[in-house]
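Here are my notes on the model you asked me to look over, set out as numbered points that can be read beside the coordinates.

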Amino acid sequence: MQKNKYRIHSNALFEIAQSRAFTEKDAIEERFDEEGKIKLVSDRAGADLTLSLVKTEDGLAYVVKWDDSEEVYKGWNMAWEEFTWCLGVVNKPIEEAAKKAAEEAAARRAEEAALAAASEVTLEENDFEAEEVAAENLEK
């Protein structure tokens, strides 16, 4: 099972954001920080990538922040699409490094298996030669 590459900070708010607009009865006012944001999702790679709910002049919006860039979206779908695209960019070097490490490990295992097979052949040849010498000595 592959682990999520992101961390959900509030399952309830995350589910509401995915399924519908926030309403008064969701009582989210007290969850906003001093900047007027609620962090919904962040990356696990430590790249400072977040998807947050923010208060704007026009109401609530979603902000995808990555390092020093920040994009504001009215709807969840566009914000989530941007977040997952950025997440793919963030995790690509990590995935490539893991793939390379797996390939190197497989190559090492193959090399070790080849060396083990070669040493077995050498042992068998030595055993065969020893049997030939023993047979010659018996004949004498």
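**Notes on the predicted model**

1. Leaving aside residues up to four places away in sequence, Thr50 touches Lys39, Val41, Ser42, Val63, Val64, Lys65 and Phe83. The model is a predicted one, and within it Thr50 belongs to strand β3. Is Thr50 buried or exposed? Its relative accessible area is 10%, under the 20% limit, and Thr50 is therefore classed as buried.

2. As for confidence, the chain has a mean pLDDT of 79, with 76% of its residues at 70 or more. Which elements mark the two ends of the range within the chain? Confidence is highest in β5, where the mean is 92, and lowest in helix α2, which covers residues 76-139 and has a mean of 75.

3. Turning to the sheet, five strands make up an open arrangement whose order is β1-β2-β3-β4-β5, with antiparallel pairing. The edges are formed by β1, at residues 6-8, and by β5, at residues 69-73, each of which pairs on one side only. From one strand to the next, the twist averages 25 degrees.

4. At the β1 edge, the strand pairs with β2, which spans residues 37-43, in the antiparallel sense and over three bridges. For Tyr6, the bridge partner in β2 is Asp43. Helix α1, made of residues 11-19, lies across β1, β2 and β4 (59-66), and runs at about 95 degrees to β2.

5. How many salt bridges does a search of the whole structure find? The search returns three, and each is taken up below. As general background, side chains of opposite charge can pair when their charged atoms come close.

6. One salt bridge joins Lys37 and Glu70, with 3.2 Å between the closest N and O atoms. Because Lys37 is in strand β2 and Glu70 is in strand β5, this pair ties together parts that are 33 residues apart in sequence. Lys37, at 18% relative accessibility, falls in the buried class, whereas Glu70, at 43%, counts as partly exposed.

7. Another salt bridge is formed by Asp48 and Lys65, whose closest N and O atoms are 3.4 Å apart. Here too distant parts of the chain are linked, since Asp48 sits in the loop between β2 and β3 (49-56) and Lys65 in strand β4, 17 residues apart. Asp48 has a relative accessibility of 42% and so counts as partly exposed; Lys65, at 24%, is also assigned to the partly exposed class. Lys65 is, in addition, one of the residues that Thr50 touches.

8. The side chains of Lys74 and Asp58 also meet in a salt bridge, at 3.9 Å from N to O. Lys74 is in the loop between β5 and α2, while Asp58 is in the loop between β3 and β4, so the pair ties together parts that are 16 residues apart in sequence. Are these two residues buried or exposed? Lys74 has a relative accessible area of 52% and is exposed, and Asp58, with a relative accessibility of 66%, counts as exposed as well. For a reader applying the distance criterion, the 3.9 Å of this pair is to be set against a cut-off of within 4 Å.

Note on methods
Residues are numbered from 1 along each chain as its sequence is written. This is a predicted model: local features need pLDDT of at least 70, side-chain atom pairs count only at pLDDT 80 or more; totals for chains, interfaces and linings use all residues. Side-chain values use heavy atoms; hydrogens and water are left out. Two strands pair if DSSP finds at least two bridges between them. Helices (H or I, at least four residues) and strands (E, at least two) are DSSP runs, numbered from the N terminus. Axes are lines fitted to C-alpha atoms, for helices over the stretch in contact, and angles run from 0 to 180 degrees between N-to-C directions. Contact means heavy atoms within 4.5 Å. pLDDT is the predictor's confidence in each residue, from 0 to 100. Buried means under 20% relative accessible area, exposed over 50%, partly exposed in between (1.4 Å probe, protein chains only).
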